[in-house]
Amino acid sequence: MDKVAINLTVNGRNRQALVPPRMLLSDFIRHELELPGTHVGCEHGVCGSCNVLVDGKAVRSCLMFAVQTDGARIGTIEGMGADGSLHPIQEAFWEEHGLQCGFCTPGMLVAATELLAEKPDPSEEEIREAISGNLCRCTGYEFIIKAIRSAAQKLREGNGAAQTESA
Amino acid sequence: MASHLDSNVIPPSRQRETPRAGLTWIGQSMKRVEDPRILSGKGGYIDDVKVPGMAHAAMVSSPHAHARIVSIDTSKAEELPGVIGVYTGEDVATVVDPCPSFASPPVTQHAMAIDKVRHVGEVVAAVVAEDRYIAEDAAALIEVEWDVLPAMVDIEASLEAMGDGVLHPDDRESNKALDESFEFGPVSEDFDAADRIIKRRLRWNRSSAQAIETCGVISQWDAFKGGYTIHANTNFYNFIPFVIGGSLRVSPGEMRIIPVLTGGSFGSKVFIHKIIIMTSALSRLSGVPVKYIEDRLEHFTNSDSHGSDRLYDAELAINDDGTFKSLRFTVLDDYGAYLQFGVGTHGNAMAQVTGPYQIGSFGMRVIAVLTNKTQQGPYRGFGSEVTNWVMERMADAAAEELGRDPLELREQNMIQPDQFPYMIPTGNIYDSGNFQKVLGEAKSLFDLDAWRKKAADMRAEGRCVGIGVATCMERSVYGPTEWWSLNNKETPGFTLTSTPEGISARIDPSGKLFVTLHSPMVGNSPETVVTQILAERLTVAPEDVVINYSDSQSGFNGVGPQGSRFTAMVAGACVSAAIKLEERLKRFGAHMLQRRPEDMELRDGKVAVKGLKDQETSFADIALNSSFFRLSFPDGEEFDSGLETTAVYDHPLSTDPHEDREHLGIFYPIVGHICHIVAVEVDPGTGKVEMLDYAAVHDNGTIVNPRTLAGQVWGGTANGIGTTLSEQFNYDESGQFVNPNFAEFAMPTANEMPRNFKLGHVETPSPYTEYGIKGGGEGGRLGAPSALTSAVEDALQNYGVKISALPITPPVLRGLIREAEQAA
Amino acid sequence: MKPAAFEYECPQQLDAALALLNDANSRILAGGQSLVPMMNFRLATPSRLVDINKLPDLDYVRDAGDAVEIGALARHAQVYASNEVAQHFPIMKAAYEWIAHSAVRNRGTLCGNLCHADPASEMPAIMQVLEAQLTLSSASGARVVVATDFFKGSYETAIAADEMLTMLSISKPAPGTGWGFEEVAMRKGDYAWCTVAATLQLSSGKIASARVAVSGVDACATRLSDAESSLDGQAPDTELFANVAASAALAVDPADNVAVSADYRRDLVRTLMPRVLQAAVESAG
């Protein structure tokens, strides 16, 4: 099948590529763009390890074709921090032991990013619901939930500080 | 009085670092060293690795549970553009021999099936192509003609199978792979003398770890050297060359196994030898490096890591006063189509088969049954999760028949704190413990008295609420005799007795402590615990410790994370390495300060004169001088340049099995103890179970890092909850595996976990390991099933429902309630 | 697990999309949350995908007076969050708590979900209870099918190969209408073992109109007309509900499989239906 030209933004950087229509977005990100931080756990849309942000929304990258992202904005965990520093959500996962083997972690970080963008102060139940589409076999989820609560607080405090500065 | 255990003498302790208060780094919830690279997407898992010129493999798997391969037509696949080669089991067998087997006598298994398939998902052909998509296109074009044979699915029916129902007619006349009986102590006498015998038939069904990352391999055959370079997410990279060299027809030294960060194991990646052998064969046949990553379906159906699948007829001999006297059972174990580890999972269970109770004798008949399912492998507990549940079910059954409170009956029979080290009838010892204290903490954490009243009130309102308490053992630091001690004496197999763990350590001229590990990171925290232990012992700052991993040619003596052994074992290696480095540091430092080595001590990353504040020199200075300024030191090899060492730590406490198997020796002696208490409510109309409250108290000896230990406990508990309430591999009558996917094999999500989960710890240090550390990687799954089962049974007391099989999914539980309703 | 090759079309206008459906091997790609897993397992191997995600003006949830209209590209997340649904169809919001997970709802479309017609999916039952009108468009025109006529069997609907479900129109409920929804699945977000959905319109203490549907039980989501006629005209009553549920449990025809028995699904109908009907009475106010 003929390859299709696509033009998209990944972690703020413009990328152009020729892709076969059937190439899964997960494979495109991992193997063509060489961003292996997004993981593939099931390839049938259940485990959530491959979640990425497409135009700000968390989606299963194993259930999209790369060709569909022409013109889209994609975010992966490689784009969260800057200059060797971790994003506050990543920082919170580190501090609260929100990961063990790390394989589900990219999906958890993406789920947390989306949740906290919409709900800066989520309840425990809201956090559970938000990550319930992400399977983790290591943690029993407790420390992930704690990490997201802590990340929420960091982000709220960070935003508060930013507002104070700009005021 | 003479005992069968008299010949099993407990060796003296080799502990060098005693458990003590006031440690600086051990006991801290230090942030993990491993995390920043993982969090930023630079972990380096198997599928992240690219080798120049690498091709990709896809497999053709059997759709049948049991069939003869009549023919395989690969012609269409070979013609597809982008295909490098297509290979059948017969092709693969031209370059590799059958898989290794710890069973003795072995059950023959080819990495890729020849002539016959024995379970759904068994691979019969492979395509090597430029990319995985093309490889799968070609695999779909391969036509296999099958002669379908009767599928053996039921454990008892398979035992009776004849003719075409026999899986391995060349090896064995029936599907009974092994049938051995054991008596440890005066079992018959104890049963004859007991007032009552409690009998139960108990069934533990099959599931598996299903780590979120599947297994994968990249293998590259080097035709000039005649060896392989292999990347693989095995737990066991420094040992596996010796296991698979024979199969690959190369010496172990001709294999270079390079570890990768591994996305979860829970036992499932202990060896992964089959896909290493298969992928290596494909590389040798195709002449290119080959990558093969199992997809999820293949991981379910062909990764040899299915969990325990057992049927017990158990008997507990007791006196009317509640004293437990003896335990015995016959167990049929559905091992699936092959028997890679023999009955090692039962050997493991012998470490703590009598639980925390004083039971004087134990007998067992174990029958390993072959069926048309994927073969068993390790899964968090390695068989002991089942015997823990059996023991606790029998304790509940005894309480019921005696009309006693189940908790009080447990307490009556518990080993007392002054009885350690305590030898159980199988010969293993429990090194230390305080079960009463663990139970006390758990009761208080859960507020058991208040909950009992609350549950009674809720039941009075007509609600089905119940409380379950489990008091279980968590053996840790395994010794290898578990693999073979139950084998037939005439064919004992590979009677391995070593499980060492090593590190290499070097202080470089900049003063950094570089440490090389010989076991991989699989989701445990090896870099963090090694950093904490070495920081403690050498007084260095954790940020000055840098961790690396060897490969199998540069490394040595690592057995890896399994059997809850790694932290305790690597601590021993760290202490050995630190002692050697300390000696050199003091020798060089003393010379630099013009003192005698025996006057020196280690202090905050410096070598200092004892008692003198300013008389000191930093490790960095010593390392710089010892590395670059040879003429500043005396002649003699004790001043050879550099500060480096290697250290190997052997199992701290093990003995050989008795040659007549009167006992199994000491092989899993560093025991933790766990108490889980849970309150549940069952909706009798739907069979749904809701956990209302959950408390767990674990005693894992001295804790290196409380937060990472808590992560292990919670994670293990989540596994145990899944095992109990929702996870089961379902097979239909034709041997089809009907739910090999994450949509239908229901692992708990964050929504299914208990709210308000409370975790407590008791620290009873081991007298045998460094600092008193015990393992703690499996306890959650070793306790949760027992507690939950008891709680659900308690909740359904008005229906008289008895639970004798796991999992208790809502349909299963509703079925039991329906039967009770109809009987009433 | 990689999909087989296909031709990819991404039309920018509805007419162009409909024209492409004339090829019988074409499949519409909307959210892809059911189709793409099937393609990854190679259980579906369409030769051509018509990606409708770039079509303009189909991603609406809008108030149309007596009804709320939902376009082909309205994502589950959008429907779930919409004020129109919250205000007029709380039963949909309740059901959404059980439907998949947020990343799937972000991408999956309600119309695509209905066209997939999974027997254990929730919305086919809800749409039948709400008697939603489905607009099926093709190159030759459009027709409207009511939800109760749309679902034909397991993964089977009334839609023709050249048609696309372009709009869903759901009439706002009559005053005095209450609703109930209950589901049992292994995990929240899984496909249902049994969903029971109902609306009851109460008038002068009697049930003026009952609509009851189940999914996860029969080959497709089904309205239970016998149950409804047993309820119509009656005063709500615990015993009545139990009897109706008991009859319904016998009337459904669930499949028996290894993990979930037919008896179990019947038990769920028997258990859940009275709860649903009681909730409907209470919410009718």
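In this predicted model, the side chain of B:D295 offers a polar atom that lies 2.8 Å from the backbone nitrogen of B:E298, and a polar contact is here a pair of N or O atoms within 3.5 Å, where within protein one must be able to donate a hydrogen and the other to accept it, and residues adjacent in sequence count only if both atoms are side-chain atoms. The table lists this pair together with the one that reaches chain C.

| Backbone nitrogen | Side chain with the polar atom | Distance |
|---|---|---|
| B:E298 | B:D295 | 2.8 Å |
| C:M1 | B:D295 | 3.0 Å |

B:D295 sits in the loop between strand 12 and helix 9 (296-302) of chain B, helices (H or I, at least four residues) and strands (E, at least two) being DSSP runs numbered from the N terminus. Because its relative accessibility is 9%, B:D295 counts as buried (under 20% relative accessible area, with exposed over 50% and partly exposed in between, for a 1.4 Å probe and protein chains only). Leaving aside residues up to four places away in sequence, B:D295 touches A:E43, B:R132, B:E136, B:T214 and C:M1, contact meaning heavy atoms within 4.5 Å.

Strand 12 belongs to an open sheet of seven strands in chain B, with the order 3-5-1-12-9-10-11 and mixed pairing, where two strands pair if DSSP finds at least two bridges between them. Its edge strands, each pairing on one side only, are strand 3 (83-88) and strand 11 (255-259) of chain B.

Residues are numbered from 1 along each chain as its sequence is written. Local features need pLDDT of at least 70, and side-chain atom pairs count only at pLDDT 80 or more.

Definitions and conventions. Chains lettered and ligands numbered in written order. Heavy atoms only, no water.
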